[in-house]
Amino acid sequence: MNLILLTIGYPHPKRDVFVGNEIDFLCKAFDTIYILPVQAGKILPKKLKNGDKYKPHEKVKVWDVEYTIKDVLFISPRLIGLAIKEAFKAVFQKSTIRYKILYLWMIFRWIFLTSITLKNLSKLFEKEGIDPKDTILYSYWFHFLAFAISLFKKPVALKISRAHRSDLYRELYPQPCKEFIINHIDKVFACSKMGAEYINKKYNTDKAVVSYLGTFNDYEINLNKKRSKPFKIVSCARVVSVKRVEKIIDSLEKITDYEISWIHIGDGDLFGNIKNYADEKLSKKENISYNFLGFMPNDRITELYAKENFNLFVNTSSSEGLPVSIMEAMSFGIPVVATDVGGVREIVKDGSNGYLLEKDFSADRLSSLIKRFIEMPEIEYQRFCIEARKTWEEKFNAQKAYEEFVNTVIKLAQSKKGAGLKHGK
């Protein structure tokens, strides 16, 4: 059986980096993995050439996404009809003008992206001579890529999608054509329990199930580690407004009686601004040292965690799905302080493996929790470390998570095929 994986750039560098975690597991279960990487630009995807030079496994083939002016201008009547219907819904719904404009813009953008994805998908089947009935279509994102596979007409073995955060919650962003996608897809694998429940309730379906992403960790972990001096804090997030990295700076500014070393991993649009803000607030504090490491691939992050004795991981996002960064930290037995948003409480158990912050927490609140971890007895701190690692082992170990995901997908395809044979299809 074959699998076609639709991504927004993977395996090209810095695009959908977490997709790589499950490729080896998919390769064990499928004869060939075709990757169709549609990297969305402002309106159209960029041409991703020479994809095969990035391919991560011998069973993987990467399709070179292409489009012409003809592909842009000639949209199928069915797609146009769905877009018009969705546009009326956007205009007449009860929401702000700004939200309606964003909704219409996303519909307009989706028309082109979906059309180009569908045309490349058809070309892929034709050029590679792929048997649709022996092929699963898998969208890594629950947006225009999932829309494309829901519109694909060939009788494939199964149509599935993952769902994360920005591609899921209407309260964050408009979600065009989701009812249509749900009705024309076989299963949605949400990356959090909250996400699965949201889909099933919002769209009156039972097609959404939980499938945690998980992380890998083959390092030998010492859970009897002692806190270092200075106390080492690490954070890992894109430096964008929603991650609110400045709140860590504000909290550290308030701590005067303990030596603290803080490292932040990740880049983003506000990287320069945040570095300047840290210099303004922290550079004159003799008890606080800090370092911004910028973007790091996953293997280098885990290597850093194994090398450094980090004592606490901090996440201050105003919105989250279920952060993989927290899973990575807990796999090393690092306790966590994080905002109670999205699916964070599915991994951070307040008072057990870390502490939860209110969404609109104060700098004083975060600084007090940091000091709590510094001041607590060694045996209590070790208990937090043990519980953090235990949480990862039981729920977010990628080895278990991806094996379960692949087995579920194969069983679904076999079940659907058996049902089709029973009804003479």
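Here are three short exercises with worked solutions on the structure above.

This is a predicted model, in which local features need pLDDT of at least 70, side-chain atom pairs count only at pLDDT 80 or more, and totals for chains, interfaces and linings use all residues. Residues are numbered from 1 along each chain as its sequence is written, and side-chain values use heavy atoms, with hydrogens and water left out.

**Exercise 1. Find out how strand β2 is placed and which strands pair with β2.**

Step 1. Locate the strand: β2 covers residues 32-37. Strands (E, at least two residues) and helices (H or I, at least four) are DSSP runs, numbered from the N terminus.

Step 2. Check burial, where buried means under 20% relative accessible area, exposed over 50%, and partly exposed in between (1.4 Å probe, protein chains only). Six of the six residues of β2 are buried, so the strand is largely enclosed by the rest of the structure.

Step 3. Look at each face. In a regular strand the side chains alternate between the two faces of the sheet. Here Thr 32, Tyr 34 and Leu 36 lie on one side and Ile 33, Ile 35 and Pro 37 on the other, all of them buried.

Step 4. Find the partners; two strands pair if DSSP finds at least two bridges between them. Strand β1 (residues 2-7) runs parallel to β2, joined by six bridges, and Leu 5 has Ile 35 as its bridge partner. Strand β3 (residues 60-62) also pairs with β2 in the parallel sense, over three bridges, with Tyr 34 opposite Lys 61.

**Exercise 2. Describe the surroundings of Thr 7.**

Step 1. Thr 7 belongs to strand β1 and is buried, with a relative accessible area of 0%.

Step 2. List its contacts, meaning heavy atoms within 4.5 Å. Leaving aside neighbours within four places in sequence, Thr 7 is in contact with Asp 16, Val 19, Ile 35, Leu 36, Pro 37, Val 38 and Leu 145.

Step 3. Add the backbone: the side chain of Thr 7 reaches the backbone oxygen of Tyr 10 at 2.8 Å.

**Exercise 3. Place Ser 211 and decide whether Ser 211 is buried or exposed.**

Step 1. Ser 211 sits in the loop between β7 (208-210) and β8 (231-236).

Step 2. Its relative accessibility is 7%, so Ser 211 counts as buried.

Step 3. Not counting residues up to four places away in sequence, Ser 211 touches Arg 162, Phe 189, Ala 190, Cys 191 and Phe 405.

Definitions and conventions
A polar contact is a pair of N or O atoms within 3.5 Å; within protein, one must be able to donate a hydrogen and the other to accept it, and residues adjacent in sequence count only if both atoms are side-chain atoms.
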